[in-house]
Amino acid sequence: LIFIISIILNSISEEIIARGYLITKFLKLNISKYKAVIYSSILFSSYHIYQGIMAFISIFILGCVYGIFFIKYRKLFPLIIAHTLQNMVIIAFMNQ
């Protein structure tokens, strides 16, 4: 139970920081929405670099997809749910 809660809290914090805060901050600095998505995705994937270059690239791409969703709908909750489910699936496959 504690492990599941930690996955959920991690997803919440990463989405609030990477999408909710960074993209919003970049937009307030008059950075284009596409650059804001790319910059936030680079920063988001950079704190996963310890997982290797392939993980960095795939997380960057997923970060761009999530960022575009955030730009279009301005909603974090669906991203938090998607992020949580993604992490749970990855962990389930790693533990097999």
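Mentor: A helix here is a DSSP run of H or I at least four residues long, and helices are numbered from the N terminus. The model under discussion is predicted. By that numbering, Gly20 sits in helix H1.

Trainee: How many helices and strands does the secondary structure of the chain come to?

Mentor: From the N terminus on, the elements run α-α-α-α. The count for the chain is therefore, with helices and strands both taken as DSSP runs, as follows. It comes to 4 helices and 0 strands.

Trainee: What radius of gyration does the chain have, and what would a compact globule of 96 residues have?

Mentor: Along the principal axes, the C-alpha atoms fill a box of roughly 45 × 30 × 15 Å. A compact globule with 96 residues would have a radius of gyration near 12 Å, and the value for the chain agrees with that. The chain has 13 Å.

Trainee: What share of the 96 residues counts as buried?

Mentor: Buried means under 20% relative accessible area. The accessible surface of the chain comes to about 6,300 Å², and 75% of that belongs to carbon and sulfur atoms. The share of residues that count as buried is 30%.

Trainee: Which element gives the largest share of the largest nonpolar core?

Mentor: This core has 10 residues: Leu22, Ile23, Phe26, Ala36, Val37, Cys64, Tyr66, Phe70, Ile71 and Leu79. Two or more of them come from each of H1, H2 and H3. The largest share, 4 residues, comes from H3.

Trainee: Where is the salt bridge, and which residues form it?

Mentor: A search of the whole structure finds 1 salt bridge. Its two residues both lie in helix H1, 4 residues apart, about one turn of the helix. The side chains meet at 2.9 Å, N to O, and they belong to Arg19 and Glu15.

Trainee: Is Arg19 buried or exposed?

Mentor: The cut-off for buried is under 20% relative accessible area. Arg19 has 0%, so it falls below that limit. Its partner Glu15 also comes to 0%. Arg19 is therefore buried.

Trainee: Which residues is Tyr66 in contact with, leaving aside its neighbours within four places in sequence?

Mentor: Tyr66 is one of the residues of the largest nonpolar core, and Leu79, another core residue, is among its contacts. Both salt-bridge residues are in contact with Tyr66 as well. The full set is Glu15, Arg19, Leu79, Ala82, His83 and Gln86.

Trainee: Gly67 is found in helix H3; which residues is Gly67 in contact with, beyond its neighbours within four places in sequence?

Mentor: Gly67 is buried because its relative accessible area is 0%. Gly67 and Phe26 are 41 residues apart in sequence and 12 Å apart in space, C-alpha to C-alpha, and Phe26 is not among the contacts listed for Gly67. Those contacts are Arg19, Ile23 and Val37.

Trainee: Which residues does Gly20 touch, not counting residues up to four places away in sequence?

Mentor: Gly20 and Ser40 are 20 residues apart in sequence and 10.0 Å apart in space, C-alpha to C-alpha. A contact needs heavy atoms within 4.5 Å. The residues that Gly20 touches are Glu15, Phe70 and Leu76.

Trainee: Is His48 buried or exposed?

Mentor: His48 is found in the loop between H2 and H3. Leaving aside its neighbours within four places in sequence, His48 is in contact with Glu14 and Ile59. Its relative accessible area is 10%, so His48 counts as buried.

Trainee: What relative accessibility does Asn30 have?

Mentor: Asn30 belongs to the loop between helix H1 (2–28) and helix H2 (33–46). Although not a glycine, Asn30 has a positive phi of about 60°. Asn30 counts as exposed because its relative accessibility is 73%.

Trainee: How does Arg74 count by relative accessibility?

Mentor: Arg74 lies in the loop between H3 and helix H4 (77–94). Arg74 is not a glycine either, yet it has a positive phi of about 55°. Its relative accessibility is 46%, so Arg74 counts as partly exposed.

Trainee: Which residues make the nonpolar surface patch of about 590 Å²?

Mentor: One member, Val65, has its place in helix H3 (residues 53–73). Residues of such a patch have over 30% relative accessible area. The patch is made by Ile49, Ile53, Met54, Ile57, Ile61 and Val65.

Methods:
Residues are numbered from 1 along each chain as its sequence is written. This is a predicted model: local features need pLDDT of at least 70, side-chain atom pairs count only at pLDDT 80 or more; totals for chains, interfaces and linings use all residues. Side-chain values use heavy atoms; hydrogens and water are left out. Patches are made of residues with over 30% relative accessible area and no salt bridge: like charges are joined within 9 Å, nonpolar side chains (Val, Leu, Ile, Met, Phe, Trp, Tyr) within 5 Å. Accessible areas come from the Shrake-Rupley method with a 1.4 Å probe; for residues, only the protein chains shown count as cover. A salt bridge is a side-chain nitrogen of Lys or Arg within 4 Å of a carboxyl oxygen of Asp or Glu. Buried means under 20% relative accessible area, exposed over 50%, partly exposed in between (1.4 Å probe, protein chains only). A nonpolar core is a set of buried Ala, Val, Leu, Ile, Met, Phe, Trp, Tyr and Cys residues joined through side-chain atoms within 4.5 Å. The radius of gyration is taken over C-alpha atoms; the globule rule is 2.2 Å times the number of residues to the power 0.38.
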